Amino acid sequence: MRAALLLIHTPAPPSPSQPQLPMTAKLSAPIVSPCFHQSRLTFSSLTSGLLSNRRSKSPFIVRADEGDADGGGPDEYDMDDEEIEEVDNKKDYDVEYDPLAAAAAVASVSDDIAMVQSKSFVSTQGWDSEMVVDYRINEEEFHKISLYDCDFFIRKPPDLDNDVYDFREMYVTPPDTDVYAIPKVLAPMPQKYIRCAKSDYGCYNVTEPPIDAPRDPLYKSERQVWKVFLTKHYRNRRLADPEFVLDFEEIYVIDSKTKSITRAKVVVTVPGGGNRDRKSDLLVIRDNGNSFKIIHAVSERDDPTTVIEREEWAKSRQDMEKHLRKLRDFSTSNWF
């Protein structure tokens with residue numbers, strides 16, 4: 001719609017030499033901008049404007065542009081079919097609320113995280129493991145966990161902290177490929193959103209330069225991630241919460257070699273049960289990430305030097321036993 005500017009001022013009082021005409025004669029031919037040829041002015045609209053000006057005793061200015069051209073009454077001008085359709089679309093427009101704000105408001109009241117519906121969500125629970133799907137996923141909607149032998153994808157609901165996991169939809173692929181398959185699920189997975197802290201378990205592969213090539217690069221260290229641990233936030237509290245603590249009783253383990261996910265079996269030796277103060281918990285992981293034990297951080301924690309000496313003694317005893325086995329007829333020595 002073309003823009004127009006219509007100025008209507010209070011008329012000046014008539015001079016004595018000019019005869020006073022009635023109001024209808026003055027307003028019978030208003031001055032309108034040429035670009036406003038599609039509009040139609042009526043006598044009632046102009047008369048109402050002049051009456052209001054006389055009451056307030058101030059000039060009255062009406063402005064119309066592209067932004068508010070459709071803000072007048074139905075008797076201001078005639079709208080064509082395109083404008084009528086545009087007005088109807090505005091009336092039928094549905095307001096979309098931010099799912100992050102809604103989820104944050106619900107989470108502040110309850111420990112559970114509000115479920116957000118996603119059009120691209122596909123539940124993979126109950127599917128055959130290692131079955132390749134015939135579609136691609138939007139990796140931006142998933143947590144990508146890179147391991148040594150594979151890449152793991154877990155559904156990522158919208159959240160400000162970016163630490164919410166939805167285990168109902170998971171995929172696994174070879175490293176840096178788009179061939180998505182269903183992973184092995186070796187334990188029941190949660191059916192709702194949970195907040196998790198991610199930590200990895202692996203080693204450094206150090207490559208030495210060849211002896212006969214002194215100009216080759218020096219030692220090369222490569223990080224190899226064999227397992228990833230997802231530890232649940234206690235009561236799904238946010239990281240910035242003053243009462244934030246990890247729930248070591250609920251840990252999910254992703255294995256690179258088997259391309260599977262399971263829940264860890266955790267042994268709790270701290271007294272107090274489920275109502276204990278979890279800020280004093282200490283998680284001990286042993287046996288290449290297969291053994292999990294929760295101990296008290298103050299009373300049961302050993303000095304690092306003591307732990308190293310105990311481990312070295314056990315290893316040195318095995319090495320000595322292996323050496324003495326070659327010199328004796330019996331398998332186990334008794335000098336210990």
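A polar contact is a pair of N or O atoms within 3.5 Å, of which, within protein, one must be able to donate a hydrogen and the other to accept it. In this predicted model, such a contact is made between the side chain of Y171 and the side chain of Y135, at 2.7 Å. Y171 belongs to strand 5, which spans residues 164-173, and its relative accessible area of 0% places Y171 among buried residues, because buried means under 20%. The C-alpha atom of Y171 is separated by 8.9 Å from that of R155, a residue 16 positions away along the chain.

Strand 5 is part of an open sheet of eight strands, arranged in the order 3-4-5-7-8-9-10-6 with mixed pairing. The edges of this sheet are formed by strand 3 (142-146) and strand 6 (184-185), each of which pairs on one side only. Strand 3 runs antiparallel to strand 4 (residues 151-155), and the two are joined by five bridges; within this pairing, H143 has I154 of strand 4 as its bridge partner.

Strand 7, which comprises residues 194-207, contains a second tyrosine to be considered here, Y204. With a relative accessible area of 58%, Y204 is exposed, whereas Y171 is buried. Together with V206 and Y219, Y204 makes a nonpolar surface patch of about 380 Å².

Note on methods: Residues are numbered from 1 along each chain as its sequence is written. This is a predicted model: local features need pLDDT of at least 70, side-chain atom pairs count only at pLDDT 80 or more; totals for chains, interfaces and linings use all residues. Side-chain values use heavy atoms; hydrogens and water are left out. Patches are made of residues with over 30% relative accessible area and no salt bridge: like charges are joined within 9 Å, nonpolar side chains (Val, Leu, Ile, Met, Phe, Trp, Tyr) within 5 Å. Accessible areas come from the Shrake-Rupley method with a 1.4 Å probe; for residues, only the protein chains shown count as cover. A salt bridge is a side-chain nitrogen of Lys or Arg within 4 Å of a carboxyl oxygen of Asp or Glu. Helices (H or I, at least four residues) and strands (E, at least two) are DSSP runs, numbered from the N terminus. Buried means under 20% relative accessible area, exposed over 50%, partly exposed in between (1.4 Å probe, protein chains only). Two strands pair if DSSP finds at least two bridges between them.
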